2 protein chains.
Amino acid sequence: VSAVTIHSVSERARAAARLLAPLDTEAKNAALQAIAEEIRARKGEIVAANRTDLDAAASERSSIRDRLKLDDERCEALARAVEDVAALPDPVGTVLRERTLEDGLELTQSRVPLGVVLIVYEARPNVTVDAAVLCVKSGNACILRGSRLAERTNEILLAVMRDALESAGLPADSVQALSTDREELRRVIADPQAADVVVPRGGEELKKMLLAHSKIPVLAAAGGNCHVYVDASADPDKAVAIAVNAKVHRPGVCNAAETLLVHRDREDLVPRLRAALEEQGVEVLEDETAWETEFLDLRMGLRVVDDLDQALDHIARYGTAHSEAIVTEDPAAAKRFTKEVDAAAVYVNASTRFTDGGVYGMGAEMGISTSRLHARGPIGLEELTTTKYVVIGDGHVRR
Amino acid sequence: VSAVTIHSVSERARAAARLLAPLDTEAKNAALQAIAEEIRARKGEIVAANRTDLDAAASERSSIRDRLKLDDERCEALARAVEDVAALPDPVGTVLRERTLEDGLELTQSRVPLGVVLIVYEARPNVTVDAAVLCVKSGNACILRGSRLAERTNEILLAVMRDALESAGLPADSVQALSTDREELRRVIADPQAADVVVPRGGEELKKMLLAHSKIPVLAAAGGNCHVYVDASADPDKAVAIAVNAKVHRPGVCNAAETLLVHRDREDLVPRLRAALEEQGVEVLEDETAWETEFLDLRMGLRVVDDLDQALDHIARYGTAHSEAIVTEDPAAAKRFTKEVDAAAVYVNASTRFTDGGVYGMGAEMGISTSRLHARGPIGLEELTTTKYVVIGDGHVRR
């Protein structure tokens with residue numbers, strides 16, 4: 001792919017973004033509805049293309065092939081997910097500040113689209129559609145960069161979405177894709193004008209590459225080295241339930257817990273915690289080399305700490321500021337933990353697994369950010385906006 | 001300066017930030033009050049150090065020496081500015097979202113400090129204090145990197161602030177400084193852990209260096225290539241007043257206008273606009289090489305455009321998304337302009353010069369961001385925060 005092509009992908013995205021930004025909610029929702037219907041209408045094509053990808057991926061792990069798969073049922077779920085996004089409130093136009101300034105100048109700060117969003121993701125074709133419709137709903141143009149494994153499926157999903165957008169009177173270039181060539185991605189991210197933000201979804205190696213080389217700001221999700229801290233006053237049943245859920249419910253995701261911290265006064269609980277975890281197939285590791293590791297499978301570190309302070313220090317040192325939980329019946333300990341732990345999400349007597357845009361009532365999400373700037377936690381529609389001040393005067397000049 | 005020193009500056013800043021984050025407003029305000037009083041008490045020392053800097057800067061331009069100067073009166077103004085920041089509302093703890101989730105989980109998203117803020121600025125010693133107190137008020141530790149020209153003044157201001165912080169029971173390391181060695185700055189910004197954000201204030205060359213080399217996110221203020229567009233329906237008096245004010249009021253700042261766009265139907269106004277500008281010493285340039293230039297002095301481009309669309313295209317192409325103004329009596333034109341112009345601030349019948357944290361009612365500011373991520377427009381206290389979700393359960397696990 002030549003530099004000319006790249007230039008024109010982002011130039012076309014910019015042009016589309018300018019047309020998308022001022023659209024009203026109805027126009028965007030109509031386009032989303034058209035996408036949902038087009039997915040249903042062309043289900044056969046989509047499933048056939050996906051079968052080609054699945055055949056080519058015959059040697060991959062079954063978990064990867066399962067993620068890759070799009071059958072009739074999943075196509076319908078995909079169409080429904082698009083309709084769910086259509087039903088979400090439009091963040092564009094929401095007023096954040098409204099003030100009357102000196103001499104009657106009227107100031108309004110409201111949400112506007114970010115512009116052009118580049119999404120880099122793995123072999124999950126549902127992300128192709130989810131990410132694109134979140135962008136369109138929030139008035140952003142998007143550039144998709146999916147995985148080679150899902151190439152045929154993504155190609156047809158892209159065509160389906162572009163046709164639907166056009167039929168609804170929106171620019172087809174609202175949704176574009178890059179090839180799966182890694183060099184093309186590197187060239188695109190080397191140009192700070194190519195997009196306004198890059199959102200990586202999954203793939204630690206890819207994220208590291210983006211953080212190291214991107215001249216476009218990256219809304220990064222660092223891995224989640226999450227902790228469950230069982231305080232001196234913890235209720236034993238809650239402690240066991242939360243520790244097991246946080247580790248076992250879905251061990252391969254970023255909000256799964258990796259280390260269990262237990263207050264010395266609750267050391268009596270350790271055998272029960274260990275037994276409950278081992279019963280679910282979890283290997284419990286008590287040596288300190290475990291503390292830095294995001295296992296993302298059925299292994300979990302365990303450390304007995306002297307007090308809340310040591311737990312806070314441990315989390316500050318080893319945590320990745322994703323999701324952290326305390327189990328306690330002591331309001332003062334809960335208050336210190338929620339105030340002093342620095343993370344996107346802090347839980348009291350609840351599992352770290354709840355960190356999720358859907359659970360949080362934001363509807364769909366583009367991933368979970370552990371960045372401190374712009375968006376921290378689930379990246380939903382609001383997080384895909386920036387703001388604009390509009391100031392209305394009547395010949396006002398500054399004195 | 002060795003890597004060890006740099007490491008420890010940011011390590012000390014991190015430690016201070018952990019202590020600052022949970023502080024209540026009263027504790028932070030008391031520290032700010034202590035800083036104001038210490039500035040007053042040690043005015044003699046400050047003015048003497050400043051005199052040394054001024055003497056060493058004898059060969060500099062008078063505008064630079066004027067910015068550098070701190071006399072008794074300016075010390076008092078500085079102390080009052082600190083008290084003004086103390087009087088501003090504390091953004092930390094402000095609730096942004098509050099929801100009851102499934103099974104009664106209680107979700108709260110509220111503002112928390114960003115962490116460690118690195119500020120890189122020019123020879124304006126007032127910025128040393130303004131930036132530091134904005135950081136302390138918003139619960140952030142800061143690392144100041146000032147100019148060699150203000151070295152002695154900054155040294156004493158730093159000592160004054162650190163002593164006051166300590167006397168108020170806050171960590172002195174809440175406010176630290178780097179040397180003025182450019183290599184030290186380059187080493188610090190090469191470490192993504194050294195700070196959470198870099199805010200450059202002034203100095204295009206420095207900003208370019210930061211954008212090119214910083215591994216820490218930069219809240220950038222691109223230069224301001226701002227426009228005033230005189231629409232077909234513009235009121236002539238307002239057009240002249242706004243064009244002159246936007247250019248002449250303070251030509252050297254980023255919200256000054258650089259190009260005047262005039263609708264062909266108001267070409268009759270061009271001689272009057274030109275005369276009014278020339279009367280104020282402005283050189284009016286009608287050739288297109290002027291369109292890309294941020295003059296920052298008494299020169300201004302002028303272009304007659306065919307219509308609103310051509311004005312919008314011009315601004316999209318040459319503008320830097322800072323501040324853009326339309327002069328019009330036509331509500332439809334005003335609406336299209338405010339919707340379609342993509343900039344931090346958009347004005348209707350008002351001068352671009354109003355883009356300012358003080359004018360916007362935000363109190364003091366750290367500069368004006370034209371970034372699309374995190375903060376767009378004046379960087380006030382709220383913009384120095386990120387958010388944290390706190391979720392309260394009672395043994396909740398995810399199903």
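## A tour of a predicted two-chain model

Let's start inside chain B: the buried residues of helix α6(B) are B:P125, B:V127, B:T128, B:V129, B:D130, B:A131, B:A132, B:V133, B:L134, B:C135, B:V136 and B:K137. Buried means under 20% relative accessible area, exposed over 50% and partly exposed in between, with a 1.4 Å probe and protein chains only. This is a predicted model, where local features need pLDDT of at least 70 and side-chain atom pairs count only at pLDDT 80 or more, while totals for chains, interfaces and linings use all residues. Residues are numbered from 1 along each chain as its sequence is written, chains are lettered from A and ligands numbered from 1 in the order in which they are written, and side-chain values use heavy atoms, with hydrogens and water left out.

Back to the helix. With 12 of its 13 residues buried, α6(B) is mostly covered. Helices (H or I, at least four residues) and strands (E, at least two) are DSSP runs, numbered from the N terminus. The expected span of a helix is 1.5 Å times one less than its number of residues. For α6 (residues 125–137) of chain B that gives 18 Å, which agrees with the 19 Å between its end C-alpha atoms. After the helix comes B:G139, with a positive phi near 75°.

**How the copies relate**

A turn of 180° and a shift of 0.0 Å along the axis lay chain B on chain A with an RMSD of 0.0 Å. The two copies are thus related as by a two-fold rotation axis. In chain B, the C-alpha of B:H374 is the nearest to this axis, at 1.8 Å. Copies are superposed by least squares on the C-alpha atoms of residues with pLDDT of at least 70 in both. Both copies use the same surface, as 100% of the contact residues of chain B recur in chain A; contact means heavy atoms within 4.5 Å.

**A shared sheet**

Nine strands form an open sheet with mixed pairing, in the order β9(A)-β10(A)-β8(A)-β7(A)-β11(A)-β12(A)-β15(B)-β2(B)-β1(B). Its edge strands, each pairing on one side only, are β9 (283–285) of chain A and β1 (95–100) of chain B. Two strands pair if DSSP finds at least two bridges between them. Within chain A, β7 (residues 226–230) and β8 (residues 257–263) pair in the parallel sense over 5 bridges, and A:Y229 stands opposite A:L261 in β8(A).

**Aromatic pairs**

Over all chains, the structure holds 6 aromatic pairs. Rings of Phe, Tyr and Trp (its six-membered ring) pair if their centres lie within 6.5 Å; planes under 30 degrees apart count as stacked, over 60 as edge-to-face and the rest as tilted. Two of these pairs are shown here.

| Pair | Centre distance | Plane angle | Kind |
|---|---|---|---|
| A:Y389 and B:Y360 | 4.8 Å | 50° | tilted |
| B:W291 and B:Y318 | 5.7 Å | 70° | edge-to-face |

The tilted pair crosses between chains, from A:Y389 in strand β15 (residues 385–396) of chain A to B:Y360 in the loop between β12 (345–350) and β13 (368–369) of chain B. A:Y389 is buried at 1% relative accessibility, and B:Y360 is buried at 0%. The edge-to-face pair links B:W291, in the loop between β9 (283–285) and β10 (299–305) of chain B, with B:Y318 in helix α12 (residues 308–318) of chain B, 27 residues apart.

**Two positive phi angles**

Most residues other than glycine have a negative phi. A:N349, not a glycine, has a positive phi of about 50°; A:N349 lies in strand β12 (residues 345–350) of chain A. A:H374, also not a glycine, has a positive phi of about 75°.
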